[in-house]
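User: Could you take a close look at one part of this model for me? I would like to understand its charged side-chain pairs.

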Amino acid sequence: MTEIEMLCMANSWKHKERCIAGLLPNGSWIRPVSTSTGGAISNSQCQVADGHQIQQLDVVGLVIDRATPLINQPENHLISDRNWHLLRKRTASEVSDFLTDCEYDGDTLFGTTSNKVRWSQIEEQGVEESLLLIRATRPRFYWRDNQLRAVFVHARAEYDLSVTFDLNTSDNGRRSSSEWWLTVSLGGPWPEQNNDCYKLIAGAIEIPDI
């Protein structure tokens with residue numbers, strides 16, 4: 001078992017439970033999971049001692065049992081049954097330099113410019129990562145079929161992805177006037193779609209004007 005310090009970048013919904021992801025002090029990603037097959041985290045498991053539900057930019061201490069990588073999610077680590085601890089809260093301004101250093105600048109998201117990665121491709125090639133931090137300029141947030149979505153451009157390709165957490169923004173239905181850090185996650189296989197894995201917006205932080 002290993003005690004880690006994680007900057008929370010995503011606390012999104014997964015089958016009525018939580019999908020947590022964060023950055024370690026060295027800039028690498030980690031996704032705490034409740035089972036070796038990538039099980040979601042319950043609300044009680046990711047609460048700290050006073051009942052606080054961890055949020056983006058919270059620095060959290062937790063104990064990891066072991067790495068449990070999946071072919072589509074290599075960052076997965078199985079949590080222990082020990083309580084999580086809120087170490088400190090950060091603002092976007094305070095972690096701006098750190099997040100800038102962690103930004104992804106590749107040409108595609110997980111090897112494709114579509115909204116998903118085919119399972120056959122994952123089986124053949126695997127994925128190097130399933131979590132990315134990108135900078136999006138003036139994304140558009142909108143609702144479709146009761147699902148919040150985000151449209152943004154990365155490396156000249158336009159993406160239209162589901163937002164899987166509760167985002168409070170006044171920019172619904174129109175382009176934001178700001179830049180945002182978006183945490184893009186590769187989801188699990190979708191049985192109704194040949195087990196293809198969809199790209200999701202698991203976290204979004206508006207970049208402050210400095």
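What is the relative accessible area of Arg88?

Analyst: Happy to help! Arg88 has a relative accessible area of 32%, which makes it partly exposed. (Buried means under 20% relative accessible area, exposed over 50%, and partly exposed in between, using a 1.4 Å probe and protein chains only.)

A word on the ground rules. This is a predicted model, where local features need pLDDT of at least 70 and side-chain atom pairs count only at pLDDT 80 or more, while totals for chains, interfaces and linings use all residues. Residues are numbered from 1 along each chain as its sequence is written, and side-chain values use heavy atoms, leaving out hydrogens and water.

Now to the partner of Arg88. Side chains of opposite charge can pair when their charged atoms come close. Arg88 does this with Glu5, forming a salt bridge with an N to O distance of 2.5 Å. Arg88 belongs to strand β6 (residues 85-89) and Glu5 to strand β1 (residues 2-14), so their contact ties together parts that lie 83 residues apart in sequence. Strands here are DSSP runs of E with at least two residues, numbered from the N terminus. Glu5 is partly exposed too, at 30% relative accessibility.

This pair has company: the count comes to nine salt bridges, each being a side-chain nitrogen of Lys or Arg within 4 Å of a carboxyl oxygen of Asp or Glu.

Another of them joins Lys116 and Asp196, whose closest N and O atoms are 3.3 Å apart. This pair also links distant parts of the chain, with Lys116 in strand β7 (residues 116-117) and Asp196 in strand β13 (residues 196-206), 80 residues apart. Here, both Lys116 and Asp196 are buried.

A further salt bridge brings together Glu179 and Arg135, at 3.2 Å from N to O. Glu179 sits in strand β12 (residues 179-190) and Arg135 in strand β8 (residues 131-137), so this contact connects parts 44 residues apart in sequence. Glu179 is partly exposed at 30% relative accessibility, and Arg135 is partly exposed at 27%. There is also a third member to look for: Glu103 is linked with Arg135 and Glu179 in a network of salt bridges.

If you are exploring on screen, start at Arg88 and Glu5 in β6 and β1, then turn to the buried Lys116 and Asp196, and finish with the network of Glu103, Arg135 and Glu179.

Note on methods. Helix = DSSP H or I, 4+ residues; strand = E, 2+ residues; numbered from the N terminus.
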